[in-house]
Amino acid sequence: MTCLTKLPAAIAAATILLASAASAADFRLGLITPPQHIWTGAAEGFAADLAEASGGAHSVTIFPAQQLGNEAEMMQQLQTGALDMAFLTVAEVSNRVPDFGAFYAPFLARDLDHAGRILQSDLAARMLEDLPGKAGVVGIGYGMAGLRQIAAKGEVASAADLQGKKLRITPFKPILDFYNLLGAAPTPMPLPAVYDALANGQVNAIDMDAEPIWKLKYYEQADTVIVSNHMMFPMVGLVSAKVWKGMSGEDRAMVADLMKARLDECIATYIVKDAEWLEQVRGTGTAFLEVGPDFFGDVPAEWDKIWSEQSAVLGEMRDVAASTAE
């Protein structure tokens with residue numbers, strides 16, 4: 001059964017639970033992604049599903065594009081109960097629960113199909129069980145963006161050409177460590193600032209997946225796209241543990257089933273669309289450099305040395321990746 005065929009079943013099952021559901025609630029869900037992003041679309045789909053399944057008793061208002069603050073601020077709001085739900089990068093979760101940094105192990109996934117299997121593994125599900133106690137949130141499931149690429153100004157022929165370049169990253173330690181090891185100058189920066197930063201030379205390169213490179217036209221300010229697929233970029237659907245505690249068992253099941261279905265659909269969408277976006281960027285005439293792990297030299301191995309001391313599950317994560325590879 002595909003994710004798309006699961007959705008009607010999930011809605012129908014949730015509707016049955018409505019008879020004993022708790023009082024109506026208008027939930028608030030925050031994201032950093034812009035309105036046109038796949039993650040935002042998944043959140044909007046979840047909101048529509050919950051309204052339908054609850055017969056209008058529950059609603060979800062979506063706040064995209066950092067309207068409620070950056071991810072660190074939204075995580076704090078979740079912990080206090082000021083925010084009900086969020087779709088956040090796993091990187092933000094790894095700031096509070098370092099084991100989650102293992103998802104960013106370089107070249108963990110061979111392709112997006114493989115990334116999806118890793119995120120839907122028993123290990124990934126088990127890691128969510130730690131979140132209420134360690135981070136004050138309930139993890140419903142995982143989504144993802146595409147595998148990471150690098151878009152750079154100027155010609156890039158080797159990793160040496162990235163050394164010293166100001167390279168935009170999502171501001172989290174696993175990614176920071178990777179580019180520090182590479183010798184670049186990783187520069188944390190929110191997504192809405194990236195286009196102008198490339199245009200005015202504030203940064204010389206960006207770490208990004210294919211969707212925003214194409215949809216937000218970052219390729220217009222880049223001369224070379226390095227297709228490396230060097231890192232996964234997972235997302236996790238979260239509910240405030242305080243909000244969760246106040247929900248009935250029936251409402252918990254309804255929210256979990258419907259959100260999980262949309263997160264699974266998000267993974268399925270990227271598996272299909274990511275290659276299409278890359279081909280569209282290629283069609284613009286931007287130079288493409290397709291590379292593998294050797295391009296980065298000892299960096300992947302050195303990253304593993306650092307993170308084997310910070311994430312207790314890194315070895316097991318590598319084992320899961322090996323066992324789910326095809």
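Start by selecting threonine 80, which sits in helix 3. You are looking at a predicted model. Is threonine 80 buried or exposed? Threonine 80 is exposed, because its relative accessibility of 52% passes the cut-off of over 50%. Now show its side chain. A polar atom there lies 3.1 Å from the backbone oxygen of glutamine 77. Next, add valine 137. The two residues are 57 apart in sequence, yet their C-alpha atoms are 9.7 Å apart in space.

**Colour by confidence**

Colour the protein by pLDDT. The mean is 94, and 93% of the residues reach 70 or more. Then select residues 16–22. Here the pLDDT is below 50, and the stretch has 15 contacts in the model beyond near neighbours in sequence.

**Helix 3, end to end**

Select residues 71–80, which make up helix 3. Go to its N-terminal end and add asparagine 70. This residue caps the helix: a side-chain oxygen of asparagine 70 lies 3.2 Å from the backbone nitrogen of alanine 72. Move to the other end. Glycine 81 follows helix 3, and its phi is positive, near 90 degrees.

Which residues of helix 3 are buried? Select Glu71, Met74, Met75, Gln77 and Leu78. They are on the same side of helix 3, because they cover an arc of only 160 degrees around the axis. An α-helix has 3.6 residues a turn, so residues three or four places apart point the same way. Now show what the buried residues of helix 3 pack against: strand 1, strand 3, strand 4, strand 10, helix 4 (90–94) and helix 7 (131–135).

**The five-stranded sheet**

Show the sheet beside helix 3. It is open, has five strands in the order 2-1-3-10-4, and its pairing is mixed. Strand 2 (58–63) and strand 4 (137–144) are the edge strands, each pairing on one side only. On average, neighbouring strands here are turned by 25 degrees against each other, direction ignored.

Select strand 3 (residues 85–89) and strand 10 (residues 234–240). They run antiparallel, joined by five bridges. Methionine 85 of this region stands opposite valine 239 in strand 10. Helix 3 packs on this sheet, touching strands 1, 3, 4 and 10, and its direction makes about 145 degrees with that of strand 3.

Now take strand 4. How many of its residues are buried? Eight of its eight residues are, so to speak, under cover. Strand 4 runs antiparallel to strand 10, with seven bridges between them. Look for glycine 141, which stands opposite glycine 237 in strand 10.

Add helix 2 (residues 38–53). This helix lies across strand 1 (25–30), strand 2, strand 3, strand 4 and strand 10, and runs at about 165 degrees to strand 2.

**The six-stranded sheet**

Hide that region and show the other sheet. Its six strands have the order 7-6-8-5-9-11; the sheet is open and the pairing mixed. Strand 7 (185–188) and strand 11 (287–290) are at the edges, each with a single partner strand, so one side of each has no neighbour in the sheet.

Select strand 6 (residues 166–169) together with strand 7. Four bridges join them, and they run parallel. Isoleucine 169 stands opposite proline 188 in strand 7. Then add helix 8 (residues 173–182). Helix 8 packs on the sheet, touching strand 5 (149–152), strand 6, strand 7 and strand 8 (205–208). Its direction makes about 160 degrees with that of strand 6.

Select helix 12 (residues 249–282). It lies across strand 5, strand 9 (224–227) and strand 11, at about 135 degrees to strand 11.

For a loop stop, select serine 158, between strand 5 and strand 6. Serine 158 is partly exposed, with a relative accessible area of 29%. Add alanine 325: the two C-alpha atoms are separated by 28 Å, with these positions 167 residues apart along the chain.

**Last stop: helix 14**

Select residues 314–324, helix 14. Its buried residues are Leu314, Met317, Val320, Ala321 and Thr324. They line one face of the helix, because they fall within an arc of 115 degrees seen down its axis. Their cover includes helix 5 (112–119), helix 6 (122–128) and helix 13 (299–308). Turn the view around. The face away from the buried side carries exposed residues Asp319, Ala322 and Ser323.

Terms used:
Residues numbered from 1 in each chain as written. Predicted model: local features only at pLDDT ≥ 70, side-chain atom pairs only at ≥ 80, totals over all residues. Heavy atoms only, no water. Pairing = 2+ DSSP bridges. Helix = DSSP H or I, 4+ residues; strand = E, 2+ residues; numbered from the N terminus. Axes fitted to C-alpha atoms, helices over the stretch in contact; angles between N-to-C directions. Contact = heavy atoms within 4.5 Å. Buried < 20%, exposed > 50% of the residue type's maximum accessible area, 1.4 Å probe, protein only. Arc of directions from axis to C-beta. Polar contact = N/O pair within 3.5 Å; in protein donor to acceptor, adjacent residues only side chain to side chain. pLDDT = per-residue confidence, 0-100.
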